[in-house]
Amino acid sequence: MSQSATAELVLDADDGHRLNRRMRDAIDAGTREIRVVNPRSRHNLGVGQHGPGTIRFDGSVGYYCGGLNNGAEIIVSRSAGWGTGEAMSSGRIEIGGTCALGTGASMRGGTIVVRGNCGPRTAANMKGGTLIVEGAVGYLAGFMTHAGDLIVCGDAGEALGDSLWAGNIWVAGKIAGLGADAVVVEPTDEESARIHGLLAAEGIDGTFTFKKVVAERKLWYFDARDPEAWLKV
Amino acid sequence: MTDHGYTQGRSHIWTSDTIRDIHAKAELGRYQIRGFSTFRQFPSWDDLVFLPAVMTRLPLEGYREHCETRTIIGGGKPDLVARPLELDIPIYLTSMSFGALGTNAKIALGKGFSAAGSASSTGEGGMLEEERAASTKLIYQMTPSRYGLDLEHLRKADAIEIALGQGAKPGTGGLLLGMKVSEKVAKMRTLPMGVDQRSCVRHPDFLGADDLQVKIIELREATDYQVPIFLKLAACRVEYDVKVACKTGCDAILLDGTEGATAAAPEYQLDNCGIPLIAAVRTARRAIEDLGMSGKIQLVVSGGIRNGVDVAKCLALGADAVAIGTSALIALGCNSPQYLDDYAALGTAPGACHHCHTGRCPVGITTQDPELEKRIDPEVGGERVAKFLRATMMECTGVAKSVGKRNVHNLEPEDLRATSLEASAFTGVPLAGVEWTVGPQYLGGR
Ligand SMILES: Cc1cc2nc3c(=O)[nH]c(=O)nc-3n(C[C@H](O)[C@H](O)[C@H](O)COP(=O)(O)O)c2cc1C
Ligand code: SF4
């Protein structure tokens, strides 16, 4: 389907047939602003999009909004369901309200900003990029995070940073409990400045005192580092 | 006979293997991990025989008449899948990750399966460029860890497989010991180099079948309804698992029996979890039929499939296709009698090697060591794999023709007889000679 560029394309999600395809085609045709009305918490909105362009959803979205995003800016005025921005490689996603489970799961790059709270498993398997939560995160946030920054301005639930690889988690509020192999370390002044810089870029002012959570690295290896130990079977 | 300095005594409980295992655990303080597949003995495909045509059927001329082998997976939902996976043969390569396998092995397998008109699969470690280039058709495997998951890779794939279980280690995640987490592997997986990678078992953004249903639509939306989406399941509660899988809206189910291999798994999992493939195929087919989904969802099976007659038996019991791993690796040279000193250094010998987990594969297949990898020439290896597949299909079509079939997909349970009570009970196939079926009535028992 070929489309010509318009200053702003308005799509009605009630007429949802191949909506994602229509957005991609519009961006390919040069449209830079897309507004989607009546999202009504539908699943799979804004999936597999690319830049350059901004897609705004007027309302709440369901599961996997902005999933596999490859460069688009996606702005949701209200809340989002599971797996927001999962596996995103680049771009920016902003959620005005709250997010449910698995926000930014396995994302590799780009930025996600959630103005409210996030549910469990936020940033699980994250492999890069920045995920900022202005509110609180649920249990198992940062589970097996490989790389990137999960920044939580509010509180964090149980099992924070369980089985972390090399990702960093920053929490300004209370931590209900750390997961296996997660430890709190003192951030350096430069690190704090970097995190505050990321927040400022998203319009989040204020001075936070972040606790930095990283892997203690006890789960990175089986006890035996001697290759001969693997030959006994 | 002595083995590693132990002699088998008269006890059937405290065998030399059991004693050796306890000694190793007492020394290491952890369970044993190894590659290859279960060492348990299950009723096997050898417990089933075909009944070729004699007086009541007409055989096909083995060397002259054609037996169709074309196989289409994901063709049951044309409104959702624009490009089903079309294969010349009913066999494709199972998911074996780059990381578990070296680059040259990956390329060789891609070339071999492409030459046979079939497909290969990425496995857990992400899409290797060299493998994509070597494979005419490539299945992208999405595991819970999502290593290297990339929209563009999904779009370059010819099918997407969502891994929910593996026959060798159901209910657990991937495992790649530090010896194999080389710079290239670490980069693809975003891991610190040299760590013992233990992957998660649950997907990070769905938990149950209802969520998975939405996830499958997400993948379709992202890839524009081009390619089929498979679910890989370990054979466990087969009837219910398959029925629930059908409800997720997937296009094909890959059912992996407990005989399925691994590059590394805890030994207690390998030998004690999941059910043998022979016990799962018929039940899986019946589950799909119960839902009226035959033809809409394809059933692919894997785990311990060695030759063309095993393939034919799987098809006869209800599979639409099979996937193979170990037999393709053996075709490539696994366990072949060369580099004997290197086998000996692992404490093993050709024919007995199961040491893929060590990263020191004597023949250069399951390794990231650049020197060992040189032992696989992708061209030569690809030709060996292609020849093996050709021979396998000659066996498969040969037996199908003798049974009187013009299409391997027309093989059916009635073409088989069981030579053991267990095989009859597991498959619902009558016992040879007495025409009496052991087992539940819904599978033909009486
Ligand atoms: C070296 C090796 C690597 C494997 N890697 C994966 C993997 O990445 N993902 C997966 O689902 N299964 C993996 N498997 C299991 C296979 O996909 C498949 O389930 C099994 O090999 C089938 O049994 P077969 O080898 O007897 O044919 C691996 C198996 C082997 C031997
Ligand atoms: S020869 Fe290589 S591929 Fe074969 S079992 Fe041994 S280590 Fe594994």
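**Exercise 1.** Which residue is the bridge partner of A:Val37 in S3(A)?

*Solution.* This is a predicted model, where local features need pLDDT of at least 70, side-chain atom pairs count only at pLDDT 80 or more, and totals for chains, interfaces and linings use all residues. Residues are numbered from 1 along each chain as written, chains are lettered from A and ligands numbered from 1 in written order, and side-chain values use heavy atoms, without hydrogens and water.

Start with the strands: DSSP runs of E, at least two residues, numbered from the N terminus. Strands S2 (residues 33–37) and S3 (residues 54–58) of chain A pair in the parallel sense over 5 bridges. Pairing requires at least two DSSP bridges. The partner of A:Val37 in S3(A) is A:Asp58.

**Exercise 2.** Find which strands stand at the edges of the chain A sheet.

*Solution.* Write the order: S1-S2-S3-S4-S5-S6-S7-S8-S9-S11-S10, an open sheet of 11 strands with mixed pairing. Strands S1 (9–12) and S10 (182–185) of chain A are at the edges; each has a single partner strand, so one side of each lacks a neighbour in the sheet.

**Exercise 3.** Identify polar contacts (N or O atoms within 3.5 Å) of ligand 1.

*Solution.* Take the side chains. An N or O atom of B:Asp256 lies 2.6 Å from an oxygen atom of ligand 1. For B:Thr326, the side-chain distance to a ligand 1 oxygen atom is also 2.6 Å. Now the backbone: a polar atom of B:Gly325 is 2.8 Å from an oxygen atom of ligand 1. Finish with burial: ligand 1 alone exposes 610 Å², and the protein buries 95% of that (Shrake-Rupley method, 1.4 Å probe).

Note on methods. Polar contact = N/O pair within 3.5 Å; in protein donor to acceptor, adjacent residues only side chain to side chain. Helix = DSSP H or I, 4+ residues; strand = E, 2+ residues; numbered from the N terminus.
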